[in-house]
Amino acid sequence: MRDREFRQWLARREYQGTPLTAKGVNNRARKAPRIERALAELGFSERDLDTLHANGRWPELVEAVRRVAADWNANEAAARKMAPQAPDPTRQLTNLINVARQYGHFADGKDPNYDAGADAPETDEIDPAALAALKARFLAAYPDFEREGGFGGDGTYFEDEDRYKRALLAKVTPLISDLAQDEAALGAALLDHVLDKNVNLIGDYRRRGHIEAVRARSGGALETTVGALALSKAPPPEAAEAFVDAAWELIKQGSEQSLPYADIRVLATLFQALSRPTEAIAINHTRFYHLGLALWGKPIFGNNPLTAAEYEAVLDLSDSLFDAMEEWGWAPRDLWDVQGFVWVTCKEKLDMDGGRDADRVRDYALKTYIEPARVRGDDRVSIRCGDVHSALGLSAAHANVCQALRGQKFQKMAGTGVPTYTGPDNSSTTTFTYRLGEPSSEKQGGVSPEFGDGPYWFVGAAFGRKDDQFDRFLRDGIWEIDEPNATQRNQVMSMEPGQRIAIKATYVRKLNLPFDNRGRPVSVMAIKAIGTITHNPGNGTHISVEWQPEHQTREWYHYTYQPTIWEVYPDKEMARRLIAFAFHGAEQDYSWFLANLSSWKDVAAAEAEDEALPDRRKRKPTNLILYGPPGTGKTWSTMAQAVQLCLGLDADDELLNSEARRRELRDEYERLRALGQIAFVTFHQNYAYEDFIEGREPKPINGSAGFELVSRPGLFVQLARDAAASDEEHVLIIDEINRANVSKVLGELITLIEPDKRKGMANAVTLRLPYSQEPFSVPPNLHIIGTMNTADRSIALLDTALRRRFQFKELAPDTKVPAFQEAIRATGLQLDKILNTINDRIEYLIDREHRIGHAFFIGCEDKAAVDAVMRDKVIPLLQEYFFEDWGRVAAVLGDPKGKGGGFLDCRKIDDPTGQGGEQRESWSVRKTFKVEAYLRLIGKPVEEVPAEADILEGVEDEA
C-alpha cells in the first residue's frame, strides 16, 4: 500500500468539521495494512491493496470486511489476521470497514472529504510512557503479581481484587440464563447482588443509598431496565445508551447527595460487564477519568450522561490495555482484569511531569552527575535510577524517576540529546547514559567529526527471519518490525525524524573475501538501503522513511550485529568507520580492522603470535557440567552459558535471562557457531579417543594400490588449535558427557584441561600426541561445557578424575519459570501441582535423579497438549524407570492399584491352561484422559480414591 500518500490524503480529511488529529491520521493509516495482510483469508488472490483496487475489486473487499465484522466466527482466520489479540474483535473489525472505505476513496483519487460524514469516531493512541508508569504503580502495589502467575494467580492481588469478582460472576452467570424470560426478576436479582455491602463495585455509601432509593420509588421500573440491559444483544455502546435513555430520569431524581452522571455510568456498564465480561467493562467514573487523562491526555467523559461514543472510547482504551497486558505476559482473561488494573492504578491522577518530586530528580541529577562530568571533561555520563531514588528518599517511584530522567525537560536543562538506557525499563537498575557534547578530534581517531550525536539505525527487513519485507519497505516508504519484544518496542519508539537508517542483512562468509583471512569465516553485513526517518507514530512497531533511490548493496566486514535493531553511536572508532561507510560512501580499510581485531569480539581473528595475546594467566578457563533429570532446560542453559563465555557478558545480562529475548539468544548462539567459536558434540557409547583427540586414517599411495596410515586430529585437538590462534573465547559443548567412557575418550590428556595446566598458565603442561608426535597443550580461552542426564547415569558414578576437573551445576525441575507459568495459565490445569506430585512419588520410589523436568510442559496451550505430553513422553519414561512394573507406574499417576481408570486401564487375564492359575493384570494407556484423572493425581492418597470418582472432595475449589 502507499502509506505516505495515504497519510497525506488523510491529513486533509475532516471529522465532524474538524481536521483529523495526527493521532487520527495515524490510527487510520496503521490499520490499512491489517486488511492487506488478510487478503488471502478474505478470498482474494491479490497480494496488496493497490493491485486489488487496480483490478476493480474494491467494492468486493469492503463487503468482505463487512461480512467478517458482522460474524467474525464464520471466518476467524481473516478476523485474527486483522485483529489478532482482541477477545472479541467485532469493534476493531467494524472500524476497519471505515478504513477500507477511506483507502478506496483515496485510491480512486477522490477529494479527502468525500463521504466524510459516514466516518466512525477516531480512536486515540495511548501514551507509552504513561502506560509504563501505570504498570510500575500496579507492580509496586502487588510486587508478587508476576511471580504468582499474573491474572489467574493466587497472590495478594487475587485476594484483594479478584476473588470476590469471580465469585460474583459465578453467581450471576446462571441467573442470566435461568431468568432470561423475566427481565424484572433478573434485574432484581442482579441489583441484590451488586448492592450487597460485601461487593465493592457500586461505589461509596452515597451512591449505594441513592440507587436503593431510586429502586424503592421506581415501582419495578429500575429492575426491568437493568434486566433488559443484562440481556441485550446490541453492541455494548448502543446498549449503554439505550439504558441511559430509559433510566436517566429515574437516576436524576433525588440525586442532590450523589453524582448522577457518575451513577448512570456505573449502572449502564456494570451489568453488561457481568453478563458479557469479554465485551464490556464496568466503569468507575473517577478512575476512568484519571485513566483518560493519563493515557490520552484528555478526559473521556463530558459533562453529561454516558453516551455511546464515550463508552466506545472506554472500550477501545480497554482493548489497548488488554493487548498491553498480554504483551507483558500477564495473561488477562477478560475485561474484568482490565477493570482491576484500572481500579488499582487510577485512584489518583498520574502526574507524568512528576510535580515536585520530578523537579527534585532533575535538579539532583543535574548537580550531582551532569555538571561534575562536564567539569571533568567527560564526554558522557551514566545515571542509575535506583541511586537517584535512594538519594532522594523516594518510595516506589522508580517509574517517575525514569520518566523525569528521560524527559525532554531534563534534556533541555542538561543540554543533552535523547539518552540511551540499559536494564529493565522503569526499574531500580535502569541506567541512562547522556552524551555531553561532540568528542574531541583527538578522540575521533582522525575521522572528521561530522556525525552528530546519533544514533544511526541498522535494521533487518525479514519477518520471522524468513519473510523478506525489503521490497515492500522501499515501495511504501516505511520500516516495520514484526512482533517486537519490550526492548525492541522501546528502541522503535525512540527513533526520531531526521535520524539516518540503513537496512542490513548479516551472514558469514569464508571464501572470496577481499582480504586474506587465512581461511577462517568472517561475519558480513550487507548494507542494502539507506534513508532518513521522516515520521514516528509512537506505536513501537513502524516508522516512515525516505529511502535513498538506487542505492547499491555494499558489504561490510567484521564489525556486525545480527539482531533486528542495531543502535550505533559515533563514540568509538569502529562505529565511526561503519557510519562513514554506510552513509557517506567511504571505503572500509580492511588492513586497519585486521590490525585491531582484538578490540572487538564479533570478528574472525587472524592468526597471531602468542606474545601478542593478552596475559593468559589472567584468563579463567571454565570446565562446567550441567546435570539434571530430563526436561529441566539443559539445552537453553548450555546455550546461555556458551554465549556468556564467548561474549564476556555478566551472568545477569538480559540477553541470557529474558524469556522475551530467547530468539535473539539462539541467533547469537548460531552466529558464534558459524564463526567457529562454539562447537558441539554428543558423546555416545562408541565415541573414542580417535574421534576426540587424535586418530589415524588411510591415505592412498600414489602409483600403488596400497595405502599408508596418517594421523588425523580429532575434534578437540582441532578446536584447541583454532582457539590458540585466536584472541576470541571458544566453547566446546559436550552433550550427554556421561554416556561415553570419559577416561578412554580423553586418555592421558585429561590433565591438560585443568585451569592451571592450560597453555601459558602457571603450571602449564605440554604433551605429545600419540600418532603425530606433535606437542599439544590446551589454551585458556577454550571452555568446556558438558551436559548430563541423571536419569541415564547418576552423578555419583562419574569417574573421579572427571569430577575433580569440572564444576557441577544442578538443573532441577522448576515450576516457577515464566514459560511454565504461562502453560498453567493457557491450559487451566494445575500443572505445578501435577508435576510436583509426580516427582515426589518418583523420588520416593526411585530417587531424585529420575524426576520429570518442567520443560516437557512448556508450550502446552490446552489440555489436549498436556494429554499428549503425558501419553507420549511422561508415561513412556515411567515405564522405562520402573522396568514395566505397571503397579508402580499407576502409583505415580494416582491410578488405583489393580484398577486404573485415570491414565491407565487394567484388565484381568485368566489362566489360559484352565488349571486354576492366578489371574494376571494387563495394563494399557488410555487414549484420552479426563480432567478427573489430573485431579485424582494431585488429590487424596491413591488407595482412598475410587476409580469411578467424578471429582475429588476438597479439590474442586482449588481447581
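**Salt bridges, charged surface and local geometry**

In the predicted model described here, Asp378 has a relative accessible area of 30% and is therefore classed as partly exposed. The partner of Asp378 in a salt bridge is Arg376, and the closest N and O atoms of the pair are 2.9 Å apart. Arg376, for its part, counts as exposed because its relative accessible area is 55%, a value that lies over the 50% cut-off for that class. The pair formed by Arg376 and Asp378 belongs to a structure that holds 37 salt bridges in total.

Two further salt bridges are found within helices. In helix α27, which spans residues 662-674, Glu670 and Arg666 are 4 residues apart and are thus separated by about one helical turn; their side chains meet in a salt bridge with an N to O distance of 3.7 Å, a value within the 4 Å limit applied to such contacts. Both partners are partly exposed, Glu670 with a relative accessible area of 32% and Arg666 at 31%. Helix α34, residues 863-881, contains Asp867 and Lys863, again 4 residues apart and about one turn of the helix from each other, and here the side chains meet in a salt bridge with an N to O distance of 2.8 Å. In this pair, Asp867 has a relative accessible area of 8% and is buried, since the cut-off for burial is 20%, whereas Lys863, with 22%, is partly exposed.

Salt bridges also link residues into a network, which is made up of Asp162, Arg166, Arg333, Asp334 and Asp337. Separately, a patch of negative charge is present on the surface, where Asp467, Asp468, Asp471, Asp482 and Glu483 gather. Of the residues in this patch, Glu483 is placed in the loop that connects β9 (478-480) with α22 (486-494), and its relative accessibility of 64% is the reason why it counts as exposed. Because residues with a salt bridge are left out when patches are assembled, and because over 30% relative accessible area is required, the five carboxylate residues of this patch, Glu483 among them, are to be read as surface charges without a salt-bridge partner under these criteria.

The distribution of buried residues was examined next for the helix α1, residues 3-11, in which Asp3, Phe6, Arg7, Trp9 and Leu10 are buried. These residues lie on the same side of α1, because they cover an arc of only 160° around the axis. Burial is also found for Val381, whose relative accessible area is 8% and whose place is in strand β3, residues 380-384. The C-alpha atoms of Val381 and Tyr369 are 7.0 Å apart in space, with the two positions 12 residues apart in sequence numbering.

Two other pairs of residues separated along the chain were considered in the same manner. Asn839, located in helix α33 (residues 831-845), is buried with a relative accessible area of 5%, and its C-alpha atom lies 8.3 Å from that of Val892, although the two residues are 53 residues apart in sequence. Ala246 is part of helix α12, residues 236-252, and counts as partly exposed at 46% relative accessibility; its C-alpha atom is separated by 9.2 Å from that of Ala221, which is 25 residues away along the chain.

With regard to backbone geometry, most residues other than glycine have a negative phi. Against this background, Ala331 is notable for a positive phi near 55° in a residue that is not glycine, and its place is in the loop between α15 (308-327) and α16 (335-345). A positive phi of about 60° is likewise found for Gln773, which is not a glycine either. Gln773 lies in the loop between β20 (767-768) and β21 (775-776), and at 43% relative accessibility it counts as partly exposed.

Notes
Residues are numbered from 1 along each chain as its sequence is written. This is a predicted model: local features need pLDDT of at least 70, side-chain atom pairs count only at pLDDT 80 or more; totals for chains, interfaces and linings use all residues. Side-chain values use heavy atoms; hydrogens and water are left out. Patches are made of residues with over 30% relative accessible area and no salt bridge: like charges are joined within 9 Å, nonpolar side chains (Val, Leu, Ile, Met, Phe, Trp, Tyr) within 5 Å. Accessible areas come from the Shrake-Rupley method with a 1.4 Å probe; for residues, only the protein chains shown count as cover. Lys and Arg count as positive and Asp and Glu as negative; His and the chain ends are not counted. The place of a charge is taken as NZ of Lys, CZ of Arg, CG of Asp or CD of Glu. Helices (H or I, at least four residues) and strands (E, at least two) are DSSP runs, numbered from the N terminus. Buried means under 20% relative accessible area, exposed over 50%, partly exposed in between (1.4 Å probe, protein chains only). The arc is that of the directions from the helix axis to the C-beta atoms.
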